[in-house]
Amino acid sequence: MKVKQTTERRISAAMRIALVAVLFLGNLALVFLLSYYLQRHAVLVYLALEVVGIIVTIRIQGQEGSPSYKLAWTITVLAVPVAGLIMYILWGGGYQRSHQHLDPAPPPPYKDYERTRSVSYIEKIADAFPTWRRTAKYLHKHDFVVYKDTNVTYFPDGDSFFADMMARMEKAEQFIFMEYFILAEGKLWDRIFAILRDRVSRGVEVKIIFDDFGNITRMSGDMLAAMQECGIEVAVFNPVHQYVNRLYFNYRDHRKICCIDGDVAYTGGINIADEYANIIKRFGHWKDCGVSLEGEGAWGLTRQFLHMWECMRGDLHNEYDYYRPHGPVKAEGWCQPFSDGPMNNPENPAEHLYLQAISTAREFLYITSPYLAIEDSMLSALCTAADSGVDVRLLLPGIPDHKYTYLAAGAYFDELLRHGVRIFEYVPGFLHSKLLVADGEMAVAGTVNMDYRSFQLHYECGVVLYGMPAVEHILRDIRFTLEQCREILLPQWRRRSVFRRLAESILRIFTIWM
């Protein structure tokens, strides 16, 4: 029976992927056929559209936003004037950002004392760690307050992360909220689903958001029905087949959040799938991490979940205060949960946070990411930091999950290495951790990759830690990970083939579509 269900699930997923592919290719075929028809039978119309294409490229360059995004569309429109123009009208511009089938609901409001207290915490951060006052103030201005009295636990692998999270779930009395890019059927999900089903039967409110694209081959319709039948409320983010005619199906919910009873919340790079706990092997050993926030700071992540739930037209059964932390916690340091997404554009708090951290670091800066596809501003900031004597290290996968993203990352290596940035590849397998740690004082943990998609297209989340014991735990784990890496050296890197250099250059331009 289980083999039959697995086969049916694969067939269903294959049919969905095939439908999306056929519709997408149909769109492309229509674009080029229309272009061909206009070129052959309506010369004046074709010339007029070419002129419009030039005007559009001027408009693109005058817009706010990512230089890479503007460059990719400019090349497309100018290289194939009519087809490129039609593609831009269909898939580019700002229209799709404002039509994501999300209500522009305001986030749950802060209490007056939370804002006042946050300002006082920022001044205390300034006293203890003067260089990070600017970062805290920037995020506060963008509606992300600072919290104290929060125990932050760092989990260096999926095993410890899931063990802690499931133990907390088993004791849930009020609610369990989960928001994940990937929520895949398998041994891990079977254990979690059993806990959720038991908690629902005991009156616990369970809500789940998962991204459709991230689960197109991982979650069956039967399982979705089983969740709903047992009382779990489920919201599917941006169903792919509904939006294939617009590139806003490209906007994904990449966040990973689990909130339990208001008192504890989890985030990090870890999705709900067997490979994240190394139950199965994909691309060698899967290296990932996560954090839990217990105390005041848990509200920062719970608030993010509630906001997304309401934007997706979900109902809440209680007032906001019901979902807040209960018991007092005493802890060192401060934390500042944050989120980002296409609704913020052209403001991008996550990208600006990383830029500030890079420019502020004085002694060392370590960043782990599974992908590297960055703007010139980020590239320049890394190179400038290294030129200024900061020990800048990037940790990337040794075994990539996608060859094209691996090649695209290589396009940046030469310049980074020339300026003294040290690049390491994780030999045992796939490094999926998303971490930044600077000077042993500040760290960022969450879902943000060092790539265009995270900074511009995806909904992301994370938490900044100032002067917390977890900062040292993160630093210790990164240094342990470095021992399992090979360093890429400039003379060695320059011996790569001409074909690879060409592929890197081309992929670097079009990373916005990867």
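This section describes the overall make-up of the chain, one of its sheets and two of its helices, as seen in a predicted model.

The chain comprises 514 residues, of which 57% are buried. Its secondary structure consists of 18 helices and 19 strands. Among contacts with a separation of 6 or more, 82% are made by residues 24 or more positions apart. The exposed surface of the chain amounts to about 21,400 Å², and 58% of this area is supplied by carbon and sulfur atoms.

An open sheet is formed by 8 strands, arranged in the order β9-β18-β16-β15-β10-β12-β13-β19 with mixed pairing. Strands β9 (334-340) and β19 (485-488) occupy the edges; each has a single partner strand, so one side of each is left without a neighbour in the sheet. On average, and with direction ignored, neighbouring strands of this sheet are turned by 20° against each other. Within the sheet order, β10 is followed by β12. Strand β10 (residues 364-368) pairs with β12 (residues 391-397) in the parallel sense, over 5 bridges. In this pairing, F364 is found opposite D391 of β12.

Helix α11 (residues 349-360) lies across five elements of the sheet, namely β9, β10, β15 (435-438), β16 (442-446) and β18 (460-466). The helix runs at about 135° to β9, the strand that stands at one edge.

A further set of packing contacts involves helix α13 (residues 403-410), whose buried residues are T405, A408, A409 and G410. These residues pack against β11 (372-373) and against three helices, α14 (413-418), α17 (490-493) and α18 (498-509).

Notes:
Residues are numbered from 1 along each chain as its sequence is written. This is a predicted model: local features need pLDDT of at least 70, side-chain atom pairs count only at pLDDT 80 or more; totals for chains, interfaces and linings use all residues. Side-chain values use heavy atoms; hydrogens and water are left out. Two strands pair if DSSP finds at least two bridges between them. Helices (H or I, at least four residues) and strands (E, at least two) are DSSP runs, numbered from the N terminus. Axes are lines fitted to C-alpha atoms, for helices over the stretch in contact, and angles run from 0 to 180 degrees between N-to-C directions. Contact means heavy atoms within 4.5 Å. Buried means under 20% relative accessible area, exposed over 50%, partly exposed in between (1.4 Å probe, protein chains only). Accessible areas come from the Shrake-Rupley method with a 1.4 Å probe; for residues, only the protein chains shown count as cover.
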